[in-house]
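Hi there,

Here is the structure I promised to pass on to you. Have a look at it first, and my notes follow below.

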Amino acid sequence: MNPKISTWHDKRVWIIGASSGIGEETARQLLTLGAHVTVSARNQMQLERIALAYTHAYASALDITDHASITSSHAQLMQRWGKIDLVLIVAGAYNEMRADSFDLAAAERLININLRGIYQCLDVVLPSLLKQGHGAIGIVGSVAGLSGLPKALVYGPTKAAIINLCESLYLDLRPKNIGVYMINPGFVETPLTAGNDFKMPALMTAPAAAQALIRGLVRGDFHIHFPHRFTNWLRLARLLPYRSYFYLVHKFTGL
């Protein structure tokens, strides 16, 4: 559904949310494959630690909730490269929340990072990609956005919105020669999942998740999801009648 990528040599990739987890590992692997990568996140020291280890890596700190900082980072990047082949928006936050412990302040924080931040990035990068007439955008959501899950009262809806957003972007941008990748991981060992107190089926390491993500990019997949043995189960479960779906969720989560 997107053009296949035959080589990463000299590709210009901007990864937003690259200071840890999937974003960091994807940056490292793409750099090893020959790409030029700008790593962005709030943690400048961690970004510099990554960048110093590779010839074609650059560190550019930003806050995804701050439009001005995204604009500044983008301007620096364009001055250096003149174009962008791929923007990967990996940044996100997680707070477990249920209806009996609803916290509006925490909900607003998640929405600002996981959804409003995505739109702020799009506001900055879309004009450049459209002017170029080529390139691609990948947005990391979650299989938690496929359907309602316990403890995901706010996190899940933000990721559901990303699924809808990516589908709409694809319809608008592919006719203009711009690729769109919707990336929905299952459970991955990252700082976001470290505090989970429930069973995480098919838990992946961050390096394995990055490999799966890059394989999907190379194949030109629109929907990149992993690990398939878990994500395909959730994709199937969302098609069941609600009575069956709710029963299975309660059975397998115990929640």
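Let me begin with a residue that is easy to overlook: D10 counts as partly exposed because its relative accessibility is 35%. Please keep in mind that this is a predicted model. D10 lies in the segment before strand 1, and its phi is positive, about 70°, although D10 is not a glycine.

N177 gives a second case of this kind. It has a positive phi of about 70° and is not a glycine either. You will find N177 in the loop between helix 5 and strand 6, and with a relative accessibility of 42% N177 counts as partly exposed.

While you are looking at the backbone, go to F226 and P227, which are joined by a cis peptide bond with omega at about -5°. P227 sits in the loop between strand 7 (223-226) and helix 7.

Now to the interior. The largest nonpolar core has 46 residues, and W14, I16, I89, I137 and I139 are those with the most contacts inside it. Several elements supply at least two residues each to this core, among them strand 1 (12-16), helix 3 (67-81), strand 4 (86-89), strand 5 (136-140) and helix 7 (228-237). Helix 4 provides the largest share, with 11 residues. There is also a second, separate core of 34 residues, which includes A18, I50, L86 and L217. As a reminder of the background, nonpolar side chains in soluble globular proteins tend to be buried together.

What does I137 touch, once its neighbours within four places in sequence are left aside? The contacts are L86, V87, L122, V125, L126, L129, L173, G179, V180 and Y181. The last of these, Y181, belongs to strand 6 and is buried, because its relative accessibility is 3% and the cut-off for buried is under 20%. Y181 and G220 are 39 residues apart along the chain, and their C-alpha atoms are separated by 8.2 Å.

On the surface, F102, L104 and L153 make a nonpolar patch of about 290 Å². L104 is part of helix 4, which spans residues 104-132.

Finally, the charged pairs. How many salt bridges does a search of the whole structure find? The search finds 5. One of them pairs the side chains of E24 and R49, at 3.5 Å from N to O. This pair links distant parts of the chain, with E24 in helix 1 (residues 21-32) and R49 in helix 2 (residues 44-51), 25 residues apart. E24 counts as buried at 10% relative accessibility, whereas R49 is partly exposed at 45%. E24 and R49 also belong to a network of salt bridges that includes R28.

D85 and K83 form another salt bridge, with their closest N and O atoms 3.5 Å apart. Here D85 is buried, with a relative accessible area of 14%, and K83 is partly exposed, with 31%. The side chains of D221 and R219 meet in a salt bridge too, at 2.8 Å from N to O. D221 is partly exposed, with a relative accessible area of 22%, and R219 is partly exposed as well, with 42%.

Happy browsing, and do write back with any questions.

Best wishes

Definitions and conventions
Residues are numbered from 1 along each chain as its sequence is written. This is a predicted model: local features need pLDDT of at least 70, side-chain atom pairs count only at pLDDT 80 or more; totals for chains, interfaces and linings use all residues. Side-chain values use heavy atoms; hydrogens and water are left out. Patches are made of residues with over 30% relative accessible area and no salt bridge: like charges are joined within 9 Å, nonpolar side chains (Val, Leu, Ile, Met, Phe, Trp, Tyr) within 5 Å. Accessible areas come from the Shrake-Rupley method with a 1.4 Å probe; for residues, only the protein chains shown count as cover. A salt bridge is a side-chain nitrogen of Lys or Arg within 4 Å of a carboxyl oxygen of Asp or Glu. Helices (H or I, at least four residues) and strands (E, at least two) are DSSP runs, numbered from the N terminus. A nonpolar core is a set of buried Ala, Val, Leu, Ile, Met, Phe, Trp, Tyr and Cys residues joined through side-chain atoms within 4.5 Å. Buried means under 20% relative accessible area, exposed over 50%, partly exposed in between (1.4 Å probe, protein chains only). Contact means heavy atoms within 4.5 Å.
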